[in-house]
Amino acid sequence: MARITVPVQLRWSDMDAYAHVNNVEMLRLLEEARIEVFWRHPEGPDGTVPDGARPTAVLDAGPGALTSTLVARQEIQYVRPLPYRRAPVVIELWLGHLGGASLDVCYEVRDAPTTVEGSVVFAVATTTIVLVDTATGAPRRLTADERAVWSPYLEAPVVIRRRA
């Protein structure tokens, strides 16, 4: 079981009138972590990739990229309110499914572990991303290289609680 951990700093503007991170802002935090994990860092002037680039970051997100991505579905379960604080939240990401032209990105938003019991979970979520050929606008299949890089991060998907 391999997960990717991304610390994400909260912004003062993420907080709403109820003194916790707004539901819309929570989805933006997930987006920030997803971009960090799957999109390539811009190369430096000498063609090198900056330190801290993730091995899973294989999608080109720059202008003129051959592939774009579309969010086909998002589902989130808020477990407890996330109050504003200066310490970053930790977002763990993994893949719940690799399809033909899509992937399900799973998330757990939590505190950094501070005790033997673990950490406080604020939300769990899943985003279905579809890879799209920018020139045609049609979905494109995952490449063998993408599958090879992402397969180690494949595990059981997030379970979202449903009403009875």
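Guide: A polar contact here is a pair of N or O atoms within 3.5 Å; within protein, one must be able to donate a hydrogen and the other to accept it, and residues adjacent in sequence count only if both atoms are side-chain atoms. This is a predicted model, where local features need pLDDT of at least 70, side-chain atom pairs count only at pLDDT 80 or more, and totals for chains, interfaces and linings use all residues. Residues are numbered from 1 along each chain as its sequence is written, and side-chain values use heavy atoms, with hydrogens and water left out.

Visitor: What makes the pair R85 and P88 a polar contact?

Guide: The R85 side chain gets to the backbone oxygen of P88 at 3.5 Å, and the cut-off is within 3.5 Å. R85 also reaches the backbone oxygen of A87, at 3.3 Å.

Visitor: Why is A33 called buried?

Guide: Its relative accessibility is 0%, and buried means under 20% relative accessible area (exposed is over 50%, partly exposed in between; 1.4 Å probe, protein chains only). So A33 counts as buried. Skipping residues up to four places away in sequence, A33 touches V6, V8, I91 and L93, where contact means heavy atoms within 4.5 Å.

Visitor: How do you know that the span of helix α1 agrees with its 16 residues?

Guide: Helices are DSSP runs (H or I, at least four residues), and the expected span is 1.5 Å times one less than the number of residues. For α1, residues 23-38, that gives 22 Å; the end C-alpha atoms are 23 Å apart, so the two agree. At the start of α1, a side-chain oxygen of N22 comes within 2.8 Å of the backbone nitrogen of V24.

Notes: Helices (H or I, at least four residues) and strands (E, at least two) are DSSP runs, numbered from the N terminus.
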